[in-house]
Amino acid sequence: MFGVLLDEAKKIARNPRRLREAFRLRRWRQFFGILRFNSRTGNRWKPAEGASGLKQREYPSYEEYVRHQQSKFGHLDLTEYDRAYRVLLRERLRTSALLKPGASVLCLGARQGTEVKAFHDLGCFAVGIDLNPGKENKFVLPGDFHDVQFPDRSVDVVFTNSFDHTLDPEKLLQQITRLLKPGGMLVIEAIQGEAEHSAPDYYASFWWEKIDDLLALIGRHGFKVARRTPFNEPWPGEQIFFSRVGSGSANG
Ligand SMILES: C[S@@+](CC[C@H](N)C(=O)[O-])C[C@H]1O[C@@H](n2cnc3c(N)ncnc32)[C@H](O)[C@@H]1O
């Protein structure tokens, strides 16, 4: 409990406007939800098998993982994030000049659909999936990125900024590989790792020491870095474009 409070105090010190949130009922519900989750699961992590610099949250069951991931959305007001991240991502993608208008894009772990809207702004045909897309979401369908409902080789681009929410990174990468057309691209936005001064929040289930550790894992699945760009907002991280080794040419 002390850890949760200390963590929140640090966030308020960094962003005093967050203090207003302390008076909201949904935040208290979130606080007690975190305490209940921690006391049930022990808030434990283990090193990821066969990979260095990666760790995974321990869940008593897959159902517990799904419930935990689904629980965050209801506690948040994402209005400002939705506006700001849409613009930030759109401009980062535009600057890359690697996306073709008309490309088909699947966004994994897309929640309210901010990234889907950013791809729409650039003329792409984009849709998202999430364990909890909320009600009547026009941009994101219900779905699990460990077992995606779409066919093999059906999309030009897979995007995700939710790698830190996987329970099984190997399965996630197998799904991405399966879904991409020959010549398709994987684009991720990854937060900095623990050795780069970022710590997992209460909903993260997978974490890295350094972004390089995550890239090494992705590289072992046949992806080659095509472009790597650091950024600071909405959190310090990097945008990375990957192509598949030996799978033909460009998206779109
Ligand atoms: C940090 S949020 C990011 C949401 C969104 N990408 C954004 O930037 O607003 C992580 C999201 O991943 C989703 N998620 C976690 N595990 C998932 C899974 N196995 N399949 C699909 N979505 C998942 C959660 O429900 C949550 O909405």
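**Exercise 1. Sort the residues of the shell around the ligand by chemical class, then find where they come from.**

*Solution.* Start with the classes: the shell divides into six nonpolar, ten polar and four charged residues. Here Ala, Val, Leu, Ile, Met, Phe, Trp, Tyr, Cys and Pro count as nonpolar, Asp, Glu, Lys and Arg as charged, and the others, Gly among them, as polar. This is a predicted model, in which local features need pLDDT of at least 70 and side-chain atom pairs count only at pLDDT 80 or more, while totals for chains, interfaces and linings use all residues. Residues are numbered from 1 along each chain as its sequence is written.

Next, the members. The ligand is surrounded by 20 residues, and the closest are Gln 69, Gly 109, Arg 111, Phe 145 and His 165. A residue is near the ligand if its C-beta atom, placed from the backbone, lies within 6 Å of it. Two or more shell residues come from each of helix 3 (62-71), helix 5 (114-121) and strand 4 (125-130). Helices (H or I, at least four residues) and strands (E, at least two) are DSSP runs, numbered from the N terminus.

**Exercise 2. Work out which residues of helix 5 are buried and what they pack against.**

*Solution.* First, the term: a residue is buried if 20 or more other C-beta atoms lie within 10 Å of its own, exposed if 12 or fewer, and partly exposed in between, with C-beta atoms placed from the backbone. By this rule the buried residues of helix 5 are Thr 114, Glu 115, Val 116, Lys 117, Ala 118 and Phe 119. That is six of its eight residues, so helix 5 is largely enclosed by the rest of the structure.

Now look for partners. The buried residues of helix 5 pack against helix 4, strand 3, strand 4, strand 5 and strand 6; two residues are in contact if their C-beta atoms, placed from the backbone, lie within 7 Å. Finally, step past the end of the helix: Gly 123 follows, with a positive phi near 85°.

**Exercise 3. Trace the sheet of seven strands and name its edges.**

*Solution.* Read across the sheet: it is open, with the order 5-4-3-6-7-10-9 and mixed pairing. Two strands pair if DSSP finds at least two bridges between them. Strand 5 (140-142) and strand 9 (223-231) stand at the edges; each has a single partner strand, so one side of each is left without a neighbour in the sheet. From one strand to the next, the twist averages 20°. Axes are lines fitted to C-alpha atoms, for helices over the stretch in contact, and angles run from 0 to 180 degrees between N-to-C directions.

Then compare two pairs. Strand 3 and strand 4 are parallel, over five bridges, with Val 105 opposite Ala 126 in strand 4. Strand 7 and strand 10 (residues 237-244) are antiparallel, over seven bridges, and Val 187 faces Phe 241 in strand 10. Strand 3 is also largely enclosed by the rest of the structure, because four of its five residues are buried.

**Exercise 4. Show where the buried residues of helix 6 lie around its axis, and what they meet.**

*Solution.* List them: in helix 6 (residues 169-179), the buried residues are Pro 169, Leu 172, Gln 175, Ile 176 and Leu 179. They cover an arc of only 120° around the axis, which puts them on the same side of helix 6; the arc is that of the directions from the helix axis to the C-beta atoms. The spacing is a helpful check, because an α-helix has 3.6 residues a turn, so residues three or four places apart point the same way.

What do they meet? Their packing partners are strand 3 (104-108), strand 6 (155-160), strand 7 (180-191), strand 8 (206-208) and helix 7 (211-219).

**Exercise 5. Find the backbone oddities in three loops.**

*Solution.* Begin between strand 9 and strand 10, in the loop that holds Pro 234. A cis peptide bond joins Glu 233 and Pro 234, with omega about 5°.

Move to the loop between strand 5 and strand 6, where Arg 153 is found. Arg 153 is not a glycine, yet its phi is positive, about 50°. With 13 other C-beta atoms within 10 Å, Arg 153 is partly exposed.

End with His 197, in the loop between strand 7 and strand 8. Its phi is positive too, about 80°, although His 197 is not a glycine. His 197 counts as exposed, with 8 C-beta neighbours inside 10 Å.
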